[in-house]
Amino acid sequence: MNAKSGRRGWVRTLGVFSVAAALAQMGCYRPEPVAPGFSFASHAVRDGDNREVLSIPLSLVSDTQIHYLYGDPTFPRIEWIDQINSATQVAVRPVQLDYYARDLFRWLILSVAEQPFIHLGDSADLSCRQEFQVLIDELKVVNTGRYPRSEGNPWFLTPGNHDGYFYGHRNVDADGWNNACGSSLDKDKNGAMNKADFVTMYLSNLASQNGKSLGFAPHRELQKLFNTVRVEDKTCNMLPSNNRAECVPTGGDFTYPSQPGQLLRNVAWQIDRNEPWRSFVVQQLNLTAGDAPAQVRAILLDTSAYSSRPYSPVPIGLNAGVTGSVLPVQLKLIHKWAQEASATPNTVLVLMGHHPFDELDDDSKKSLGEFIDNYKVPIYVSSHTHAGFWKSHGSGTSSWIELNVGSTTDFPPERREFVLAKTNGRLELSTPLTRLNERARDSNFPLPVDCEEHWQAAPGDPEYDDYYLDYMFGSSLSAEATQHNLWDALLRSHRRLFSTVKTHPDNSEPWPMLLGELPGKAASACENDDAIIAAIEGLLKKKGSQFSEQKARFLAEIDRFDHKRKELDPTCSQRFRRCQALWASQHEFLRDRKLEPHDDTLLFPWR
């Protein structure tokens, strides 16, 4: 594990005795030597006449980790843990990064609107239903072509350890998990998302995708299967589209009929409500480009399915953030798919999963290693580290490459493209890397952003007092105190938001409600941006746990309103949100207000 890879669920819960052990495992990442037989192609070769494209271009993203901010305090989010373990940048993120992470994700996927993409896991953070729903909402809008640069992108997701395990490391009792996910604020929408819940939600949304405008077939056959399931006295096609999670059968092995534009070839799953950690989903995609001389298939593994319950909050015992696992039933399925695919000459198989290969359990490594050797798999794509790397595995003719993809949220926020080609008789992987911090102001980037200097939160700002790293300066051992400090930090951040991004006079979204201070006292509605700012000012003056519910509910109301309101200047809003997230991500990574080599302009005080 390298110093950039700290956004793991298990590190969030390190206590006194485990911190030293965790730090002892860390080291700076150094590039792996490339095995003989692999080489780096020059641009001249890639653009030459001897290159035949084999696969359609894809975008790869991962580790979005949408975080729900308004639930009950939990042990992992403690200022003191963040302080003593600052080298791995864990436990707590800046509130601006948690709040605007969805904007970084949207920015990345919209910058390649013409490509399908694969999310390599960790869509959520606490693993709450509403965290995953935020990602789904963004994907739905892009998939249906409602963004200016979107034409209906097909998308797929392979589960990560945060997709079904509390804080990405374990399966815990429902009550504490539900409380952290804010079930007391909205029990219908909010709540824990165990692995069985995640697989159900994902499959329900996968089946409803539209990709027609890009020439890709929608997933109608899977939807037809789900529609035949009966819930009480109704078939699922009679239920509202937002209430069809129960329509997903508890198991399946579905093969799509071969047709032009059908990316999803196979999908198999198991949903175990009693032992949710046994639940999994595994998929096979047909990535072959047009009349390519070879067939390309990608198998999306589920490396977060276990035969026994992940229970440990520290790297002792089974912890989903430390150890990945691929169940034997998955291996049987992918062997079957690989044998069918290999019946066609010149088939190239690619594996993708969340955990890096070396972080799988011994049985999974052995079985997947044999699979890779048997089917001559040249590439395994992983994520989980938030850092990204290349690694060469094996030796001689058994060598293969692992490509690890970084995070869309933690610095540097990134995505990769993925294209296979046959170049001069050899297999070529072309995977350009896009990092938002490097491309934000590039006029050649599809969605450049010019950040206004006065938008940036600075230490000691007398007007807003919302510096990104103020949360670092506390040393509380209390989860409650930490949560209250973070809520105050978010309130101060929202002062800047509503002072900068104004609401349109024609807005029809109901304004946020402020809960009355006393039991039974009616809530009052804000009527404009100034009223929201005034309510924030009033709440910031209130200290103590007795005001916790009032602050949490008002912040949740602001979140609801802010993401649905009609804005006076939507372009300014997009710029502001992306800049806030980018600055917060960079400041957290550097753990200070420092310059990076890519920074090219500095303003000095005038003497």
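Author: Buried means under 20% relative accessible area, exposed over 50%, and partly exposed in between (1.4 Å probe, protein chains only). This is a predicted model, in which local features need pLDDT of at least 70 and side-chain atom pairs pLDDT 80 or more, while totals for chains, interfaces and linings use all residues. Residues are numbered from 1 along each chain as its sequence is written, and side-chain values use heavy atoms, without hydrogens and water.

Reader: Is Asp 465 buried, partly exposed or exposed?

Author: Asp 465 sits in the loop between α12 and α13 (helices are DSSP runs of H or I with at least four residues, strands runs of E with at least two, numbered from the N terminus). Its phi is near 50°, a positive value in a residue other than glycine. Because the relative accessible area of Asp 465 is 35%, its class is partly exposed.

Reader: Is Lys 376 buried or exposed?

Author: Lys 376 also has a positive phi, near 50°, without being glycine. Most residues other than glycine have a negative phi. The place of Lys 376 is the loop between α11 (362-374) and β12 (379-382). Its relative accessibility is 65%, so Lys 376 counts as exposed.

Reader: Which peptide bond is cis, with omega near -5°?

Author: Most peptide bonds are trans. The cis bond leads into Pro 412, which is placed in the loop between β14 (400-404) and β15 (414-423). With omega near -5°, the bond is the one from Phe 411 to Pro 412.

Reader: Which element gives the largest share of the largest nonpolar core?

Author: The largest nonpolar core (buried Ala, Val, Leu, Ile, Met, Phe, Trp, Tyr and Cys residues joined through side-chain atoms within 4.5 Å) has 62 residues, and those with the most contacts inside it are Tyr 70, Trp 107, Ile 532 and Phe 554. The elements that give it two or more residues are α5 (95-110), α7 (174-180), α13 (479-500), α14 (529-540), α15 (548-562) and α16. The largest share, eight residues, comes from α5.

Reader: How many residues are in the second, separate core?

Author: The second core is separate from the largest one, and its members include Ile 109, Leu 157, Leu 263 and Ala 298. Its number of residues is 57.

Reader: Which residues does Phe 198 contact, leaving aside its neighbours within four places in sequence?

Author: Phe 198 is in helix α8 (residues 195-207), and it counts as buried because its relative accessibility is 0%. Its C-alpha atom is separated by 8.6 Å from that of Ser 127, which is 71 residues away along the chain. By the contact rule (heavy atoms within 4.5 Å), its partners are Ser 123, Phe 132, Leu 157, Pro 159, Asp 163 and Met 193.

Reader: How many residues apart in sequence are the parts that the pair of Trp 455 and Phe 576 ties together?

Author: The structure holds 18 aromatic pairs (rings of Phe, Tyr and Trp, the last by its six-membered ring, with centres within 6.5 Å; planes under 30 degrees apart are stacked, over 60 edge-to-face, the rest tilted). Trp 455 and Phe 576 form an edge-to-face pair, 5.5 Å centre to centre and 80° between the planes. Both residues are buried, and they form one aromatic cluster with Tyr 99 and Tyr 100. Trp 455 lies in the loop between α12 (436-439) and α13 and Phe 576 in helix α16, so the parts tied together are apart in sequence by 121 residues.

Reader: With which residue does Lys 195 form a salt bridge?

Author: The whole structure has 28 salt bridges (a side-chain nitrogen of Lys or Arg within 4 Å of a carboxyl oxygen of Asp or Glu). Lys 195 in helix α8 pairs with a residue 107 places away, in the loop between β10 (295-300) and α10 (328-342). Lys 195 is buried at 0% relative accessibility, and the partner is buried at 0% as well. The closest N and O atoms are 2.9 Å apart, and the partner is Asp 302.

Reader: What is the N to O distance in the salt bridge of Asp 461 and Arg 496?

Author: This pair links distant parts of the chain, with Asp 461 in the loop between α12 and α13 and Arg 496 in helix α13, 35 residues apart. Asp 461 counts as buried at 18% relative accessibility, and Arg 496 counts as buried at 1%. From N to O, the distance is 3.0 Å.

Reader: Which residues do salt bridges that share partners join into one network?

Author: Some salt bridges have partners in common, and one network results. Its members are Asp 529, Asp 562, Arg 565, Glu 567 and Arg 577.
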